[in-house]
Each structure stands twice: as C-alpha cells, then as structure tokens.
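Q: Could you pick one part of this model and take a close look at it, going through its partners and its surroundings? Please then set that part against the rest of the chain, so that I can follow it in the structure in front of me.

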Amino acid sequence: MYRTAPGRLLLRPLTHPAFSRLAGRFLNSRCSKPLIRPFARRQGVNLADYLGAPYRSFNDFFTRPIRPELRPLPGDEAALIAPCDGLLSAYKLTGDTVLPVKGSAYTLADLLANDDLAARFTGGVCLVFRLCVHHYHRFCYPAAGTRGPFVPIAGRLHTVRPVALYDRPVFTQNSRVYTCLTTALYGRVVQMEVGALLVGKIENDE
C-alpha cells in the first residue's frame, strides 16, 4: 500500500485513529480469543512467563502482565532502568541532531513538536527503544522523580514496519504522548510513547 497509488489511497482510512478504535472493539471481545495461541506460537511468546491467563480477549493477552521476578529492579539506586522491552539505540543530542530511527530521520523538535523543550536537551542523550510485536508492551519510568502532565500529540496511526518508515516520517505523523520527569540523579527526563496501527491507545496509570 505504501508503494502504489491505489494503496496510498487506502492508507488514509486505514491509518486514521478511528480504524484502530474499530479494530480494537473486536480485539477487546471474546471473539478474538482464537487469535492468541497462533500469534504467541508465531512470535515465539512463552505464555508461561506471563500472568493473567486464561485471557478473555486478544487485547487482554497483548497487555498481559509479566511475572515480577522476570523484570527485577536493580539493587543500585543510581542505575537507569530500561523503561520497556525493546531494541535500544542511543544518540548524543546536539542542536541539529538528526535521529535515524528505523530508516527515517527526525529531529527531537519534530518528535516533541516543541522547539523550546527540545532545545533544553542539547548535550543530552536520546534513547530509542524499538518494540516489536512479540515484546512485552508494558512500560515504566526510567528513574524516580516528579512527573509532569501527560502531553498528547494527535496524529495518524501508520504501521511501524520498514516499508512505511522508508516512505514517510511515521514517528512525527503518528499519535504519541510524552511526559517530563524531574529526577534527582538525571535532571530532567522526557519519556515519549508512540502509537502504531492497531496499537493506538497508550495508558499511563501513574
């Protein structure tokens, strides 16, 4: 769809958040339960690592909690915690840093949609965690601190597969949300979560 004119016409309704909300209704229903085991088998998900079974729906499975002993907190209070499972890339930030994320290029100001906030992080480090579909999809904050308000940025919900990333700036077009943390050990930290096709709802509990 990303490489042909007819396909790009179909992308407009498919990447609209309303499509993911509609699909979400099915994935929240008991009718989606038959999708769980084939998905887990195909993606190599070991269901014994997780809590909550039997799952009532595919989304119940997708948002499954993991056994606490499999994600222990480090004993060193100065350690920076990985906020989620995923493949990590790290970039030193300068005033004009371009982040080559998944084949596309972005500036921090593009991602935050806020030039002034982005400028405050010059000299810092940007950590990009790429979550694949088989990864555990819960997250935490990387350090203790005082959390600011959640800042949503409305947008589309493109797939984050490479075919889309090479075609358009997905991470600055997709819906996303960020919050600022004020920490004692690391100063100010921004954490952002980016939505994707059929993964368009981000819930922050605290």
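## A close look at strand 7

A: The protein exposes about 12500 Å² of surface, of which 57% is supplied by carbon and sulfur atoms. This is a predicted model, and every value that follows is computed from it. The protein has eight helices and eight strands, and of its 206 residues 34% count as buried. Among contacts between residues at least 6 apart in sequence, 64% join residues that are at least 24 apart.

The part I would single out is strand 7, which spans residues 176–183. Is this strand enclosed or open to the outside? Seven of its eight residues are buried, so strand 7 is largely enclosed by the rest of the structure.

Its pairing can be followed through three other strands. Strand 5, residues 145–147, is joined to strand 7 by three bridges, and the two run antiparallel; within this pairing, T146 stands opposite T182 of strand 7. Strand 6, residues 151–153, likewise pairs with strand 7 in the antiparallel sense over three bridges, and here I153 is found opposite R176. With strand 8, residues 187–194, strand 7 shares eight bridges, again in an antiparallel arrangement. T183 of strand 7 has G187 of strand 8 as its bridge partner, and a hairpin of three residues leads from strand 7 into strand 8. As a general point for reading such a sheet, side chains in a regular strand alternate between its two faces.

Strand 7 also contributes to the interior. The largest nonpolar core has 15 residues, and those with the most contacts inside it are L93, L99, L108, L112, L117 and Y178. At least two residues of this core come from each of helix 5 (108–112), helix 6 (115–119), strand 4 (125–130) and strand 7, while helix 5 gives the most, with three residues. To see how one of these core residues is surrounded, take L108: leaving aside residues up to four places away in sequence, L108 touches L93, T97, L99, A118 and F121. There is also a second, separate core, made of 12 residues that include L27, I36, V45 and Y55.

Strand 4, which supplies residues to the largest core, also has a residue at the surface. L127 has its place in strand 4, and at 38% relative accessibility L127 counts as partly exposed, since this value falls between the limits of 20% and 50%. L127 belongs to a nonpolar surface patch of about 560 Å², which is made by L80, L88, V125, L127, L185 and Y186.

The loop between helix 4 (58–62) and strand 1 (87–92) holds I81, which is partly exposed, with a relative accessible area of 24%. Not counting residues up to four places away in sequence, I81 touches L73, P74, C140, Y141 and P142. The C-alpha atoms of I81 and P142 are separated by 4.4 Å, although these residues are 61 apart along the chain.

The charged pairs complete the survey, and the count comes to two salt bridges. In one of them, the side chains of R71 and D85 meet with an N to O distance of 2.6 Å. Both R71 and D85 lie in the loop between helix 4 and strand 1, so the pair ties together parts that are 14 residues apart in sequence. The two partners fall into separate accessibility classes: R71 is partly exposed, with a relative accessible area of 39%, whereas D85, at 17% relative accessibility, counts as buried. R56 forms a salt bridge with D60, the closest N and O atoms being 3.6 Å apart, and at 54% relative accessibility R56 counts as exposed.

One further arginine may be worth locating on the display. R25 has its place in helix 2, residues 17–27, and counts as exposed at 65% relative accessibility. The C-alpha atoms of R25 and N59, residues that lie 34 places apart along the chain, are separated by 9.4 Å.

To return to the part chosen at the start, strand 7 is largely enclosed, supplies at least two residues to the largest nonpolar core, and runs antiparallel to strand 5, to strand 6 and to strand 8.

Methods. Residues numbered from 1 in each chain as written. Predicted model: local features only at pLDDT ≥ 70, side-chain atom pairs only at ≥ 80, totals over all residues. Heavy atoms only, no water. Core = buried A, V, L, I, M, F, W, Y, C linked by side-chain atoms within 4.5 Å. Buried < 20%, exposed > 50% of the residue type's maximum accessible area, 1.4 Å probe, protein only. Helix = DSSP H or I, 4+ residues; strand = E, 2+ residues; numbered from the N terminus. Contact = heavy atoms within 4.5 Å. Pairing = 2+ DSSP bridges. Patch = residues over 30% accessible without salt bridge, like charges linked within 9 Å, V, L, I, M, F, W, Y side chains within 5 Å. Areas by Shrake-Rupley, 256 points an atom, 1.4 Å probe, with all protein chains shown as cover. Salt bridge = Lys/Arg side-chain N within 4 Å of Asp/Glu carboxyl O.
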